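Work through these short exercises with the structure open. Each task is followed by a stepwise solution.

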Amino acid sequence: MASKGQFVPTVELDELRASGRELVSADGHAIALFFHEDEVRAVDNACPHMGFPLVEGSVAEGVLTCHWHHARFELACGDTFDPWADDVLTYPVEVRDGTVYVNPNPDPDEPPAVHWSNRLEDGLEQNLRLVVAKSVIGLVDNDVDVTTPLETGIRFGCRYRRQGWGPGLTILTAMANVLPDLAPIDRKRALYHGLVEVANDVSNEPPQFEQEALGATNTDFDRILSWFRENIEVRDPSGAERVIRTAIDAGYDDDDLARILATAATDHRYIQTGHVLDFVNKACEALDHIGWRNADVVLPSLVRGLATADRAEESAEWRRPIDLAGLLDDTFDELERFVEFGAGKTWSRPDDILDALLSDDPHAIVDTLVEAIRNGATPEELADVVSYAAGMRVAQFATSNEFSDWNTVHHTFTYANAVHQLTRRTDAVELYRGVFDAAINVYLDRFLNTPPAPLPDENPDADPDEMLEVLSAAFDTEGRVNDAGRAAAHFLDAGGDPATLRRELGGALLAEDAGFHTYQALEAGFTQASSRPPAEARTLLVGVARYLAAHSPTRREREQTFTIASRLQRGESIHETLETE
């Protein structure tokens with residue numbers, strides 16, 4: 001083996017001059033030698049795009065062209081004219097006594113971590129899926145902490161999309177949240193999926209131009225909160241952005257910043273079918289991953305969505321046949337009094353509260369929540385039980401409904417989960433309103449459980465391994481929604497490890513060209529199931545399995561790209577495999 005910097009003999013110069021090119025092996029490296037314009041050049045034989053042998057390419061005017069996808073490289077330095085292809089590695093050469101010597105282990109131009117970080121930015125900027133996949137794999141394989149590509153993607157998505165925080169950033173954060181639940185190889189896939197979605201969201205969109213913070217950074221919190229709410233109320237994103245930047249510059253902590261955003265997001269009913277509050281929660285979770293030092297980049301990206309969102313009280317279903325928005329307005333007028341009445345009390349969850357929340361009487365639902373507050377229930381305690389009620393709607397969604405109605409129960413569940421997670425972050429009284437909004441949506445979704453799909457009967461005698469096989473098969477065939485739910489339930493009934501089930505479900509998601517809601521469904525289900533008693537966790541994971549099965553299989557194009565990137569990083573030949581398929 002040649003030591004670093006050592007040159008090894010390859011071919012005679014006369015032989016190379018006569019042929020114009022030769023493929024040689026030096027210290028385990030396949031190297032393409034070219035004699036061009038009276039110079040000897042050496043490059044890695046594998047095209048950095050997809051591995052085609054460059055020795056079979058064309059050389060003219062100092063440019064080497066690959067014959068597979070026509071990537072072009074400056075022969076002397078290896079730099080590409082086509083950013084989707086990456087630069088090709090070049091090797092130093094010397095001619096000694098008529099023999100061409102090559103150094104097969106040159107010092108890299110830059111450390112691998114720097115190279116792959118730069119390539120990830122290229123992939124995001126130009127929406128190059130294969131480049132993103134290679135970059136993620138390269139970074140993780142070089143022991144770069146996952147927060148590095150995560151931070152790159154989050155900052156990129158916030159800066160270069162005028163509409164601000166959207167589905168791509170939500171998916172990326174959701175995938176970051178479930179990384180511990182996934183197999184090691186699927187952690188790379190999860191980052192790849194999230195980053196590709198960010199690139200898709202930003203592609204062909206105008207960038208975000210920042211507003212300046214106000215100079216009044218000594219303003220007290222209540223005044224800043226009032227300013228922000230007023231600007232959102234009158235749909236002024238520029239003014240609201242200046243206020244949130246002022247709060248950041250003033251040094252308010254993450255709980256305070258979350259309260260400002262969550263309050264504005266619940267001043268109106270269930271805005272943008274719940275997405276905006278979910279975006280607020282995901283932005284906060286993203287900052288938990290990459291550090292709240294990035295708040296000035298991340299949080300202003302939420303403002304335009306808050307200011308322009310549809311408001312549910314403007315919709316017919318919230319006004320007729322029952323004025324649900326008016327019912328909640330009347331309740332919120334008395335909310336502070338209810339909270340004051342319950343101060344100092346300790347609430348215990350009644351056995352029949354789920355029945356009340358799943359009933360068909362909105363007045364009774366509101367009364368149940370009010371009574372709980374008067375008995376000392378905190379926003380977090382009520383958000384917990386309402387989230388479970390929303391999860392039951394998903395687990396028992398009747399497949400006799402229109403397919404698009406999966407989205408209806410899904411929106412309620414992910415909104416309730418967002419409220420729940422925010423109540424763990426801040427004890428803001430305003431978040432009670434989010435609990436009521438979620439509960440009313442559970443009521444509105446009642447017809448999608450008519451009749452409810454029955455939860456699978458318990459089956460402790462099932463074979464856990466067989467159930468995982470049934471689950472996997474259910475994702476390969478359309479329509480096996482109930483099979484997937486039963487397999488997940490019976491796996492747990494037979495003593496299967498919930499962590500194994502989560503790993504299998506995560507892998508199934510990442511094999512698909514999943515849509516926005518499917519990523520959300522998995523992450524919210526995992527989050528809600530993680531802290532619940534086994535029976536409740538079973539119901540929620542049944543819901544995840546059924547939702548995934550309803551949206552599988554897909555074309556699985558993303559997985560093909562990831563597989564190609566993985567094989568290229570291992571040095572495998574892709575073109576030879578494709579030629580034989």
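**Exercise 1.** Is Glu 37 buried or exposed, and why?

Solution. The model is predicted.
- Step 1: find the residue. Glu 37 sits in the loop that joins strand S3 (29–36) to strand S4 (39–44).
- Step 2: read its relative accessible area, which is 55%.
- Step 3: apply the cut-off. Exposed means over 50%, so Glu 37 is exposed.
- Step 4: look at its surroundings. Glu 37, Asp 38, Glu 39 and Glu 61 form a patch of negative charge on the surface.

**Exercise 2.** Find the nearest side chain of opposite charge to Asp 445, and decide whether the two make a salt bridge.

Solution.
- Step 1: locate Asp 445. Its loop lies between helix H19 (431–444) and helix H20 (464–474).
- Step 2: check burial. Asp 445 is buried.
- Step 3: identify the partner. The nearest side chain of opposite charge is Arg 393, 5.7 Å away.
- Step 4: compare with the cut-off. A salt bridge needs a side-chain nitrogen of Lys or Arg within 4 Å of a carboxyl oxygen of Asp or Glu. Asp 445 has no salt bridge.
- Step 5: list the contacts. Leaving out residues up to four places away in sequence, Asp 445 touches Arg 393, Thr 408, Val 409 and Thr 412.

**Exercise 3.** Inspect the peptide bonds from Arg 320 to Pro 321 and from Thr 450 to Pro 451. State the geometry and the setting of each proline.

Solution.
- Step 1: recall the background. Most peptide bonds are trans.
- Step 2: take the bond from Arg 320 to Pro 321. Omega is near 0°, and the bond is cis.
- Step 3: place Pro 321. It belongs to the loop between helix H12 (303–308) and helix H13 (324–333).
- Step 4: take the bond from Thr 450 to Pro 451. This bond is cis, with omega near -5°.
- Step 5: place Pro 451. Its loop runs between H19 and H20.

**Exercise 4.** Describe phi for Asp 97 and Arg 556, then give the exposure of each residue.

Solution.
- Step 1: recall the background. Most residues other than glycine have a negative phi.
- Step 2: read Asp 97. Its phi is positive, near 50°.
- Step 3: place Asp 97. The loop is between strand S8 (93–96) and strand S9 (99–102). Asp 97 has a relative accessible area of 82%, so it is exposed.
- Step 4: read Arg 556. Its phi is positive, about 65°.
- Step 5: place Arg 556. The loop is between helix H24 (534–550) and helix H25 (557–569). Arg 556 has a relative accessible area of 28%, so it is partly exposed.

Note on methods: Residues numbered from 1 in each chain as written. Predicted model: local features only at pLDDT ≥ 70, side-chain atom pairs only at ≥ 80, totals over all residues. Heavy atoms only, no water. Patch = residues over 30% accessible without salt bridge, like charges linked within 9 Å, V, L, I, M, F, W, Y side chains within 5 Å. Areas by Shrake-Rupley, 256 points an atom, 1.4 Å probe, with all protein chains shown as cover. Lys, Arg positive; Asp, Glu negative; His and termini not counted. Charge placed at Lys NZ, Arg CZ, Asp CG, Glu CD. Helix = DSSP H or I, 4+ residues; strand = E, 2+ residues; numbered from the N terminus. Buried < 20%, exposed > 50% of the residue type's maximum accessible area, 1.4 Å probe, protein only. Contact = heavy atoms within 4.5 Å.
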